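Here is a walk through one protein model with its ligand. Start at the ligand, then move out to the sheet and the helices on it.

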Amino acid sequence: MENKSDLVIRKLDMTDEPSLERLIDVVESNLNDRRLWLPISNASKEHFFDETWTVFYGAFDKDELIGTVGLFLNENEYGESQKEIHFEKYKIAEIGRIMCHPDYRRKGITSKIMKEMMDYATQFELDALLATAHPQNTASQKLLAKYGFKKEGHIIKSCDYERDILIRRMK
Ligand SMILES: CC(C)(COP(=O)(O)OP(=O)(O)OC[C@H]1O[C@@H](n2cnc3c(N)ncnc32)[C@H](O)[C@@H]1OP(=O)(O)O)[C@@H](O)C(=O)NCCC(=O)NCCS
């Protein structure tokens, strides 16, 4: 990236699928700690470009996708965490699959994508946004705290993935 104005942030569409797959590969093959990244299920992947289920915002440097934030609008994604904190009566969605290419980290890029996503999410008139993060995922925890997410509970996902459940009130 020559300078920050080269950065474009926009919603992803079907044509971005190969770029998204490439970014996932890079992020997954560069994890310092496997416990911090919940493997993506096929069911989830199948709905990545179904807007009633998942919406991604991404940052592009020239034509390369370098970071994403996902919004998951389907209960199959967030239902387990929602129940764990007894939030069934609230209309919620989950923020997840927050990732940044290792060469572009700590430059505020994901924070910028988060801002766009928070604006986008207002149209759904949600009571709250939910996110989960490993207690020791400092980058993720700091990013979420910056956008008003607070710890509401704790869950063990897929047997051995420890996660804090964080909530950001929207009303
Ligand atoms: C989490 C992740 C997306 C953050 O991306 P990023 O573009 O580096 O984040 P930002 O530069 O916008 O930083 C956000 C905040 O976190 C802080 N931060 C980022 N990385 C950090 C680190 N390794 N240690 C401590 N703080 C960190 C930043 O200082 C910033 O806080 P500030 O604005 O108060 O200074 C990136 O580290 C990543 O892809 N990690 C691997 C995948 C992952 O764990 N995703 C989350 C799953 S829940």
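**Around the ligand**

Which element gives the most to the shell around the ligand? That is α5, with six residues. The model is a predicted one. α5 spans 138-146. Two other elements, β4 (92-100) and α4 (109-121), also supply at least two shell residues each.

The ligand has 22 residues around it. Those that come nearest are Arg-105, Thr-110, Ser-111, Ala-139 and Lys-142. By class, the shell holds ten nonpolar residues, seven polar ones and five charged ones.

Now turn to the sheet. Strands of a sheet pair through backbone hydrogen bonds, in either a parallel or an antiparallel sense. Here seven strands form an open sheet with mixed pairing. Read across, the order is β1-β2-β3-β4-β5-β7-β6. β1 (7-11) and β6 (150-157) stand at the edges; each has a single partner strand, so one side of each is left without a neighbour in the sheet. On average, neighbouring strands are turned by 25° against each other, direction ignored.

Look at the β1 edge. β1 pairs with β2 (residues 54-61) in the antiparallel sense, over five bridges. Ile-9 has Ala-59 in β2 as its bridge partner.

Two helices complete the tour. α3 (residues 75-84) packs on the sheet and touches β3 (64-72), β4, β5 (128-133), β6 and β7 (161-169). The direction of α3 makes about 115° with that of β4. α4 also packs on the sheet, touching β1, β2, β3, β4 and β5. The direction of α4 makes about 35° with that of β3. This helix leads back to the ligand, since α4 supplies at least two residues of the shell.

How values were computed
Residues are numbered from 1 along each chain as its sequence is written. This is a predicted model: local features need pLDDT of at least 70, side-chain atom pairs count only at pLDDT 80 or more; totals for chains, interfaces and linings use all residues. A residue is near a molecule or strand if its C-beta atom, placed from the backbone, lies within 6 Å of it. Helices (H or I, at least four residues) and strands (E, at least two) are DSSP runs, numbered from the N terminus. Ala, Val, Leu, Ile, Met, Phe, Trp, Tyr, Cys and Pro count as nonpolar, Asp, Glu, Lys and Arg as charged, and the others, Gly among them, as polar. Two strands pair if DSSP finds at least two bridges between them. Axes are lines fitted to C-alpha atoms, for helices over the stretch in contact, and angles run from 0 to 180 degrees between N-to-C directions. Two residues are in contact if their C-beta atoms, placed from the backbone, lie within 7 Å.
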